[in-house]
Amino acid sequence: MFQQQSGIGSLLKDGGKHFSGVDEALLRNIEACKNLAQITKTSLGPYGMNKLIINHLGKHFVTSDTNTIVTELEVMHPAAKLLVMAAKSQEQECGDGTNFCVSFGGELLLRAEELLKEGIHASDVLKGYELARTKALEFIEPLKVWSCTDARSAEQLEKCAKTAIASKQLGFEAPLAKLVAEACAKVMPPSIAKFDTDSVRVTKVQGGSPESSFVIEGMAIARGPSGVITSKEKAKVAVYASGIESQSTETKGTVLLESAEQLQNYTKGEEQRMDEFVKSIKDAGVDVVISGGSISEIAGHFLNKYKIMAIKITSKFELRRVCRTVGATSIIRTGPPLPEELGYVESCKVEEYASTRLTVLRTRDTKIATIVLRSASPNVLDELERAIDNAVSVIRCVTRDPHFLPGAGATEIEIAHQLQNFGATVPGLDQYAVLKFAEALEVVPKILAENSGHSHVDAITALYAEHQKGKKNMGIDVDSGSLILDALENGILDHAQSKTWAIRFTLDAVLTVLQVDQIIMAKQAGGPKAPEGGGRDDD
């Protein structure tokens, strides 16, 4: 015990590691975060590149969605994990702006590294960054250029969702934003603050083009019914959570059959009970039965006999949504439903799109709307679904705060411009950190310009020239040959609250990384590693 190495290493078990100081600990952490930001940067904006990720289960993802990228990468470095957590907090809070979080965080740490190498102490960088964050959040307020005045207007909601979709699916933003706006307007509750993103569902159908996608008032279940009945109009619905089958006994027993007559009579009692059960459902006026478990063959026979449409849903979450859609209560007993447990559908029928059978439940005053997405391949469908999820999340944010800022990098450049003016007035070494914060904000227009094929130097110079003239809405033009455009006139809008939260979360992660001066790692738990090339039992 007393013959170990000296210093902190003597406190740790054999195999423990310890790094300290700016060079060993801080710069290593910054390097890890910069590497993570390097991955996500190229995916920012409408012309962002996709990443092909194969996760530990061998599943392929082709995506430019930062939340999916950082989740599937399974980042192990503790400092880079802080940036990942900031991005995930942003996803939970706003559902959009995750790429900004990681890219801006990486850029802030890169600028901090430059200051540290110049000999400025980490505490001065921290104070400067905190001061710059407070000022940046103040500068956001007067930059608000548009507000969604009516959250039930599909036209205004379309304008809100368009930018979020265009950043992932440029070219499809018009039809997809229209679908999202239509679906959200249909399910908007009387108190708009109670809008829930779970109210807008997505069902994917392979085949067709995104322009042929449509919205259903109700739910579309991607499977056919369990019986022969495929259509019902104005029907009462019973939802059985535990399935429709005869209950087996808790103990096992052996039955000895001695004659053909006994064999015939053996199942008659079971058939009779099932007949009575299904008849009691029919007598309650039920025309559609939805089961959360299996439907036995004998139950299926009697449901067909009494012309009751049967639908099987294996997911308990999906079953819960169906109950919300039709207004039914989930039943967990085997017996006829009570009148108050029944739901109602205007129509329940099987529709076929591109060889995919959908069971469509349409209701009045629906609490759930479904967007049926169509496209050629599963990867494209997954990307379209992620874009729609982002857009619905933006609309949820709009129900809390209706204000928008100019997009296309205009807000970032304007804040950077004002911070540079403010930084010149800050005394002491904090000034360097404030100016570096302003430089880091240039990362958004810089990446937008680079990803769309412009020279980022020309683009940022042109932007600063316009913003000094007082044109605060000028941003990067990614679509045409010109460098810059008016973001407000072109309908490129970023949600103000999302931007505010992104800056807060990113700065929290960055300041935490900069406050670390020692890394102490205990020895990993577990036995010896498996031999290379597999163990003895592997064939």
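**Rings and helices: a quick chat**

Biologist: Is phenylalanine 404 buried or exposed?
Modeller: Keep in mind that this is a predicted model. Phenylalanine 404 has a relative accessibility of 1%. Anything under 20% counts as buried, so phenylalanine 404 is buried.

Biologist: Let's go to the helices. What is the arrangement of H5 and H14: oblique or roughly parallel?
Modeller: The axes of H5 (residues 122-140) and H14 (residues 430-441) come within 7 Å and cross at roughly 50°. Roughly parallel would need an angle under 35 degrees, and roughly perpendicular begins at 65. So H5 and H14 are oblique.

Biologist: How many residues in the contact of H5 with H14 are charged?
Modeller: H5 brings residues including Asp124, Lys127 and Arg133, while H14 brings Asp430 and Lys436 among others. Eight residues of this contact are nonpolar and one is polar. The charged ones number five.

Biologist: On to the rings. In which helix does the partner of phenylalanine 104 lie?
Modeller: There are seven aromatic pairs in the structure. In one of them, phenylalanine 104 meets phenylalanine 437 edge-to-face, 5.6 Å centre to centre and with 90° between the planes. Phenylalanine 104 sits in helix H4 (residues 98-117), so the pair links parts 333 residues apart in sequence, and the partner's helix is H14.

Biologist: And is phenylalanine 437 buried or exposed?
Modeller: Phenylalanine 437 has a relative accessible area of 0%. The limit for buried is under 20%, so phenylalanine 437 is buried.

Biologist: Now tryptophan 146 and phenylalanine 404: is that pair stacked or tilted?
Modeller: Their ring centres are 5.5 Å apart, with the planes at 55°. Stacked needs under 30 degrees and edge-to-face over 60, so this pair is tilted.

Biologist: How far apart in sequence are the parts this pair ties together?
Modeller: Tryptophan 146 belongs to strand E4 (residues 146-147), and phenylalanine 404 to strand E14 (residues 403-406). The pair therefore ties together parts whose separation in sequence is 258 residues.

Biologist: Last one: how is H13 oriented to H16, oblique or roughly perpendicular?
Modeller: H13 (residues 410-423) and H16 (residues 456-468) have axes 10 Å apart and pack at about 70°. The range from 65 to 115 counts as roughly perpendicular. That makes H13's orientation to H16 roughly perpendicular.

Definitions and conventions:
Residues numbered from 1 in each chain as written. Predicted model: local features only at pLDDT ≥ 70, side-chain atom pairs only at ≥ 80, totals over all residues. Heavy atoms only, no water. Axes fitted to C-alpha atoms, helices over the stretch in contact; angles between N-to-C directions. Helix = DSSP H or I, 4+ residues; strand = E, 2+ residues; numbered from the N terminus. Parallel < 35°, antiparallel > 145°, perpendicular 65-115°, else oblique. Contact = heavy atoms within 4.5 Å. Nonpolar A, V, L, I, M, F, W, Y, C, P; charged D, E, K, R; others polar. Phe/Tyr/Trp six-rings, centres within 6.5 Å; stacked < 30°, edge-to-face > 60°. Buried < 20%, exposed > 50% of the residue type's maximum accessible area, 1.4 Å probe, protein only.
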